[in-house]
Amino acid sequence: MNDTVEIAVDVRDAIKRYGDFTALQKISLGIRDNEFFTLLGPSGCGKTTLLRMIAGFEDVTEGGIYLFGDEIKTLPPHKRPVNTVFQNYALFPHMTVLENVGFGLEMKGSSRKDAAKRAGEMLDLVQLSQFAKRKPAQLSGGQQQRVALARALAPSPKVLLLDEPLSALDLKLRKAMQIELKHIQRETGITFIFVTHDQEEALTMSDRIAVMSAGELQQLGAPRDIYEHPRNMFVADFIGDTNLLEVSVDKITDGRAQCHIGGGHELICDAVDGVSVGASVHLSVRPERLVLSDQASDGNSLKGTVTENIYIGTDISTMLDLEGGPKITVRTSNTERGNKRLIEPGSPAFVNMEAGAARLLVD
Amino acid sequence: MAGGAASGGSAASDTYKEARHWLLMPSWLVLGFFVFAPVCVMVIYSFLTKEFRGGVIWEPTLAAYDQFFFDRGLFGDSDPTLQWTYIEIFWRSIWQAGLATIMSLLIGFPTAYFIATRPDGTRALWVFLITIPYWVNLLIRTVSMKFLLRDEGPMNDALLNIGLIGEPLQIINTNLAVQLGLFYSYLPFMVLPIYASIERYNFTMSEAAADLYATKFTTLRRIVLPAVKPGVIAGCILVFVPSLGAFLAPDLLGGAKNFMIGSLIEEQFKGNAGNWPFGAAASMILLSMVLVLLLIFAQQQRRAGAAT
């Protein structure tokens, strides 16, 4: 890690327990200044708990949380220079949009006039100036969401926390907001910590992603890193579609692992720390990294029989039974396929892959 | 017969309308017989001439209202001057009921907040506990209150014993005793509506306020109170209105000096000394006052509703 990068939020060995139940098990992560950081995981994985601990709504059972080097875990929420966009927006129904956005500034000591001026600028940023005088109930869900964003940004927080803010929006609006959020993050230069269970959303928006499951950090890295080099079964399975095959490692030479899967198919892939000769582990290979052909290639090539072709717009998804049992799915983009004929179900075919396409997983 | 289907449809809805009238009939009968009719009797009696042994003579007159507002001397032949006695009693009643309402609000709001923020499933128990004393008749509760507040009563004994006071506090037969009595009589009417509105309140809004640098007190004032205002207003009306007309607490705890409207009206219908038309007129004036208050409130609610 680069030394010149400042750490905005430093979570050190944070543990959260509710009675006997441990919601977070010793999490440590550093969130860099100016980055769009996402906490990703299924519901109940502890991502929201961690966010609420940073905001100050949940106590830290053990460990510490530092904001630009200052310990904040004992500060009440109203003394932490972070702001939150809530999942259900939590706008104040009896105040106008402008009053909502200006509330934080007013509480920080700005005069009503200054607060209103800055609130107006924030409404410009989220393109809602014409609704300043309305009450939140008179706005659509997407507009309310933008008001919540403007309200949280108005006091210029050091870190903005976003708790699944897009989950209540329909798909089209959600996609548009993803891009808008990303732009606003770049424009303002504020560190965003974004909580979501939607892996596609996380990949689209984030500079870095922390994948969580069962109160534990599974993997921390850039979207590409996490997608292409998942560290374990959970991450490989949770992020995107993948083929998970059981493999035995036979030999490791020069960073290459020679292994075989059920049915005796031989494969060569990159060796991974923590997987040694003789280990029985899983191998993840993304369907789009596989090439379907009627001829075997020189490298990894698995022989099987096509069982089904499914048309999914941009791609064709082909399912095969490999000789000796394992099933595998291959995804071919329609442009790549060109005019080539589909291999019909029941026909034999070869699944070819480069050595780098398959990834051994530490269970 | 064009539009046969359409008329069939409206016939069906007519059937519903007719059924609705019949189904509402019991309510209309009860309301008419027990609310509307007594008020009519009261209005009529307030304009009749009094009979000396109670009851009325069927001769229309404004004498009852005249007696309320004007003093015409011992024999009724002097020039009328404004009569303050009854207006003062009314004013004192409003004052007492107002203070009792404020007391109920100060104690009732935190109580309601406490109950509404208990974990799911335990709240019903708390509400139940609040209502337990109210299973006992109001008269008995007020008499026990008298016993508790007495100069030689347990409260003064305790205060004397711990040396907090040198001689018994004179509480009984004071305004304070009346306020305490009213407060105790009607507290649940304050707690329950406020509890209902706090329970519906979305506490994420309090988190949002704290997140936006508001202290707990500011959050209460700027976010929670406006959101639960309808419950607070309902609670205040439900305590203020019955307190205004109450006669048990003023009679038993206030003594002769602390006469309130309720007692004044009650006296007019008791034994041979009463004056039915005057009692009816005083009730009418009380009713009109309450009505005006409620109308002002309704107007404000409508204005607040129109603003959102």
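In this predicted model, helix α4 of chain A, which spans residues 141-153, packs against helix α5 of chain A, residues 171-188, with axes that come within 12 Å and cross at roughly 15°. Because angles under 35 degrees count as roughly parallel, α4(A) and α5(A) are described as roughly parallel to each other, and their crossing is right-handed. On the side of α4(A), the contact is formed by A:Gly142, A:Gln145, A:Arg146, A:Leu149 and A:Leu153, while α5(A) contributes A:Leu173, A:Met177, A:Glu180, A:Leu181 and A:Ile184. Sorted by class, this contact comprises 6 nonpolar, 2 polar and 2 charged residues.

A second helix pair joins the two chains. The axes of helix α2 of chain A (residues 97-107) and helix α9 of chain B (residues 216-245) come within 13 Å and cross at roughly 160°. Since angles over 145 degrees count as roughly antiparallel, α2(A) is roughly antiparallel to α9(B), and the crossing of these two helices is again right-handed. The residues in contact are A:Phe103, A:Glu106 and A:Met107 from α2(A), together with B:Thr218, B:Arg222 and B:Ile223 from α9(B); by class, they divide into 3 nonpolar, 1 polar and 2 charged residues.

A:Phe103 also appears in the largest nonpolar core, which has 73 residues, and it belongs there to the group with the most contacts inside the core, alongside A:Val9, A:Leu39, A:Phe92 and A:Ile193. The largest share of this core, 11 residues, is supplied by helix α7 of chain B, residues 175-200. When neighbours within four places in sequence are left aside, A:Ile193 is in contact with A:Val9, A:Ile31, A:Phe37, A:Leu39, A:Leu51, A:Ile54, A:Val159, A:Leu160, A:Leu161 and A:Leu162. Another core, of 34 residues, lies apart from the largest one and includes A:Phe36, A:Val126, A:Ala132 and A:Ala148.

Turning to chain A as a whole, the chain contains 9 helices and 20 strands, and its C-alpha atoms fill a box of roughly 75 × 45 × 40 Å along the principal axes. Of the 363 residues in chain A, 51% are buried. Among the contacts in chain A between residues at least 6 apart in sequence, 65% join residues that are at least 24 apart.

In chain B, helix α11, residues 261-268, is mostly covered, with 6 of its 8 residues buried; these are B:Ile261, B:Gly262, B:Ser263, B:Leu264, B:Ile265 and B:Gln268.

Technical notes. Residues numbered from 1 in each chain as written. Chains lettered and ligands numbered in written order. Predicted model: local features only at pLDDT ≥ 70, side-chain atom pairs only at ≥ 80, totals over all residues. Heavy atoms only, no water. Axes fitted to C-alpha atoms, helices over the stretch in contact; angles between N-to-C directions. Helix = DSSP H or I, 4+ residues; strand = E, 2+ residues; numbered from the N terminus. Parallel < 35°, antiparallel > 145°, perpendicular 65-115°, else oblique. Left-handed = near helix turned anticlockwise from the far one by under 90°. Contact = heavy atoms within 4.5 Å. Nonpolar A, V, L, I, M, F, W, Y, C, P; charged D, E, K, R; others polar. Core = buried A, V, L, I, M, F, W, Y, C linked by side-chain atoms within 4.5 Å. Buried < 20%, exposed > 50% of the residue type's maximum accessible area, 1.4 Å probe, protein only.
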